[in-house]
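Got your viewer open? Load the model, and let's take a short walk through it, one selection at a time.

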Amino acid sequence: MTIDAATAGKDVYVEKPLCTCLAEGRAMTAAARRHGRVVQVGINHRSEGYVREIAEIVRSGRIGKVREVKCWMWANPVKEPTSPTAPPERLDWDRWLGPAPKVPYHPERVHFHFRWCRDYAGGYLTDWGVHMLNVVTLAMDVDGQGPETVEARGTFAPRNLYDFPVSMEARWEFRDPDFTLTWIQPSKGGDIVPGQDYGMTFYGEAGQLRTFFGGHKFFVENQEAPVPTGGRTVEVPRSPGHFRNWLDSIRTRKPPIADVHVGHRTTSICQLGNIALFTGRKLRWDWRDERFIGDSEADRLLSRENRAPYRPRGLL
């Protein structure tokens, strides 16, 4: 829909996660650039003042150099498998599936529940992870690049209607700046703000900046402390609100705060984590060319076979 809209000369607000596979995100970005369209991705926390403050604290050096970031999230769901049923009369099941494989209808794999099905999504890593990792890429000033390596492992339920592991850990290595990013499920026992069950924690030389959607707290040796003052002056983009920013960008023709390229880069980090999970090995990634290094099998997971007649146009 984004590619068709851009081709028709329309500006687009597209929800997150941007796409199901990396090749789709690349094609969406290319279409936006080719047709000069403003495409805002719905990673809306990026427009919040508290996220800008988190980014300013980290970028300014107030907590010292950050070499490690960890994101903690609760577990993916488990549901006992049951038999498919007939789709409700009001639902065009074939059209709902679109380019995804043709399978029997199941009420627990449609609408909200699509998040846990590999044909349609990527589990919590592409659901909440896109929001959470975008806070990290903004704060670490790596919106326009990607990791050098990725590895992941997970523990799957013996019987589950869904496709993703109950527990999972993924790890990415970045260069310039050099830091590691880790995704951990479940979040119990993690370095998160008391009272929260998820979080994004920046490990600085001076202590831990534990963040969540709504704010942040600073900890030294597991005790809350004031955020250090000082640091260098940095400029982090401001937004009057995510929709308003998009509308303003339509008028000015300047890139929005969550431009499609930013959304693509963040979404691709999540997708790389799932590719590493299902290949079962550490992968080296060329983020400039968006290809794995020396791994044609992993490269094949960057795209998918799209079912006719719903094959998207413009895939690269």
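Two strands count as paired if DSSP finds at least two bridges between them. Keep that in mind for the strands on this tour, and remember too that this is a predicted model.

Start by selecting strand β7, residues 199–204. Six of its six residues are buried, so the rest of the structure largely encloses this strand. Colour the two faces separately: G199, T201 and Y203 sit on one side, with M200, F202 and G204 on the other, and both faces are covered.

Next, add strand β8, residues 207–212. β7 and β8 run antiparallel and are joined by five bridges. Just two residues lie between them, and together the two strands make a hairpin. Click on M200 and look across into β8: its bridge partner there is T211.

Now bring in β7's other listed neighbour, strand β3, residues 66–72. Here six bridges do the joining, and again the strands run antiparallel. For a landmark, pick V66 and you'll find G204 of β7 standing opposite.

Leave the strands and go to H106, in the loop between α4 (93–97) and α5 (124–139). Is H106 buried or exposed? Its relative accessibility is 5%, and the cut-off for buried is under 20%, so H106 counts as buried. Show its surroundings: leaving out residues up to four places away in sequence, H106 touches T82, S83, P84 and L161. Of these, zoom in on T82, whose side chain makes a polar contact with the side chain of H106 at 2.7 Å.

Technical notes. Residues are numbered from 1 along each chain as its sequence is written. This is a predicted model: local features need pLDDT of at least 70, side-chain atom pairs count only at pLDDT 80 or more; totals for chains, interfaces and linings use all residues. Side-chain values use heavy atoms; hydrogens and water are left out. Helices (H or I, at least four residues) and strands (E, at least two) are DSSP runs, numbered from the N terminus. Buried means under 20% relative accessible area, exposed over 50%, partly exposed in between (1.4 Å probe, protein chains only). A polar contact is a pair of N or O atoms within 3.5 Å; within protein, one must be able to donate a hydrogen and the other to accept it, and residues adjacent in sequence count only if both atoms are side-chain atoms. Contact means heavy atoms within 4.5 Å.
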